[in-house]
Amino acid sequence: MNNEVPMPKLPEPPPLPENDLPPPRLVKDDFTPLDGKPGLLEFLEALLKTPKSLFSEIQAGQARKVALSLMLLIAVFLSGYGIVTGLFSGGSQWIWAPVKIVAMVMLSGLICLPSLYIFTCLSQVEMKIWEMIAHTCAAICLVSILLVGFMPVLFIFTMSTESLKFMGFMHIIIWIIAGIAGSRFLLTSFRYLRGSPSGYSALWIFIFSLVLMQMSTTLRPILGSSDDVFTSEKKFFLSHWLQPEFSANAESGSRRNSYR
Amino acid sequence: MSSPSPLSKATQLCRGRSEELRQTLLSGGGSFWFWLTLIWIAGGIYGFTIGIGRSPLQAGYTAIKFPMILTGIIYGNALLNALIASLLNIPLQFRQTLQVMSMCFALFTLILAALSPVFLFFTWNLPDLSSPDNTITYSAFLLFHVCLIAFAGCAAHLRLFQLTTHLCGDAQRARWVLILWLSGNLLLGSQLSWNLRPFFGSPELPVQFFRPNAFERNFFEAVDLHVQHLINPNPPRETHHEQ
């Protein structure tokens, strides 16, 4: 005879409203670091499929290795994107456009590094410098992967159109889309580390975007071409982008001598 | 036990853990000189980036004058701030009030110094500011500076508020202390910045450490003149815009 008394089933607790749910926190035990000795491909796969494993790897003392690997990946992806960009003008831009795009991102990151450190501290996130660099590199790497994803579309348009204005606009839209994805990634990673979103990180992303836009103007021409590799004329990025000569040049369909 | 390194002390200030900052406050007078040195180094770096848009000499002058203003505010308002703290029952001695103020300004200058590479990069890319075609660019650049100075000030005072709340255990009193301290600092700071002008240096005026009329009028009279200049289409000569 079975003496076991069936336990009354407890009613399911009501689901917590979304706002009351505890914020996710990155604790070392939460996520498993990558197996074995991860290399470039493993980091890339983790970035796309399981970013939490990558965060865990960074927290597990591998921040410098992850950061340097991601920097290499960024350089490779942006070079690919730069080659397609350089196709528009041809000539020496095949070489200069990828070099300038990689330099644009790396130099902007370097200029904004001190403010990133201070803003991270203000956000009360416990992070070492290399951990912070690794998280930022992960976000920029995601941006560069997205830019590579747009390469076939850009290639088709580059082969089809002569309009510099249209291509410039298209590049800006693509960078904005990729930038939004990268920003979301960076904010999410800080949210995991801190437990709640921080306005300081958002402000840093805004400053980094401004520096990136100004850098694209400083290193011009990137999309168009000219007889000189760089131009000595100093210009604020907004006045450069909105200059009437550029529009006039673009409408005439000229790819040459357009400082873009 | 070894004392923390300057970098870890600065990091601690930025992270703003109230208990850690309270311990720093109680640790003694040595910290005050550390924060003051930090103000002079970080403030000097930021001052340099302000003045370099005009000339290297102006950059040198502003690198001295910017931390000079902050030090002037800390010392000039020391007695007033200590009295306010005492009246509102905040458990701070005179020396500790000085130290709290210097910590607040140290954080302010640290944030601005961290942004200095960004400012320098934009300054380097600015076109010739003496050209009338570039007045909008110049104004946008000044606005960018003002916005980031305001942001750094807000962030530093937020930390000050968190610390005073932790010290007195009452957010209401901490708020009052913050408002009164801030009002006193703004009053003295605005006048000191008027007396020690120029900082950016107008392109059409010579580079000088002090203007010859540095002690003529006060900040609020100058603001009044600027308002009248906006209303009156014929501006008097002495209402020159100077930053």
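Modeller: In what follows, Ala, Val, Leu, Ile, Met, Phe, Trp, Tyr, Cys and Pro count as nonpolar, Asp, Glu, Lys and Arg as charged, and the others, Gly among them, as polar. The model is predicted, with local features needing pLDDT of at least 70 and side-chain atom pairs pLDDT 80 or more, while totals for chains, interfaces and linings use all residues. Residues are numbered from 1 along each chain as written, chains are lettered from A and ligands numbered from 1 in the order written, and side-chain values use heavy atoms, without hydrogens and water.

Colleague: What makes the lining of the largest cavity nonpolar, polar or charged?

Modeller: That lining consists of B:Leu13, B:Leu21, B:Val100, B:Met103, B:Cys104, B:Leu107, B:Ala156, B:Arg159, B:Leu160 and B:Leu163, and H6 and H7 of chain B are the elements that give two or more residues to it. Set against the classes, the lining divides into nine nonpolar, no polar and one charged, and B:Arg159 is counted as charged because Arg belongs to that class.

Colleague: Why is this space called a cavity?

Modeller: The word is used because, on a 1 Å grid over the protein atoms alone, a 1.4 Å probe fits at a set of points but cannot get out, and lining residues have an atom within 4 Å of a point. The structure holds two cavities of 30 Å³ or more, and about 60 Å³ lies in the largest, a volume being the space filled by probe spheres set on the points.

Colleague: Which residues line the second largest cavity?

Modeller: A:Leu116, A:Phe119, A:Thr120, A:Ser123, A:Phe190, A:Tyr200 and A:Ser201 line it, with helix H3 (93-122) and helix H7 (199-218) of chain A, both DSSP runs (H or I, at least four residues), giving two or more residues each. The volume of this second largest cavity is about 40 Å³, and by class its lining has four nonpolar, three polar and no charged residues.

Colleague: How much area do chain B and chain A bury between them?

Modeller: About 2,400 Å² is buried, 70% of it on carbon and sulfur atoms, where buried area is the accessible area (1.4 Å probe) lost on putting two parts together, summed over both. On the chain B side, B:Arg15, B:Phe121 and B:Phe122 lose the most, together 25% of what that side buries.

Colleague: How do you know that the count of salt bridges between chain B and chain A is what you say?

Modeller: A salt bridge needs a side-chain nitrogen of Lys or Arg within 4 Å of a carboxyl oxygen of Asp or Glu, and the count between chain B and chain A is zero.

Methods:
1 Å grid on protein atoms, 1.4 Å probe; cavity = no way out; pocket = protein on both sides within 12 Å on 5 of 7 lines; lining within 4 Å.
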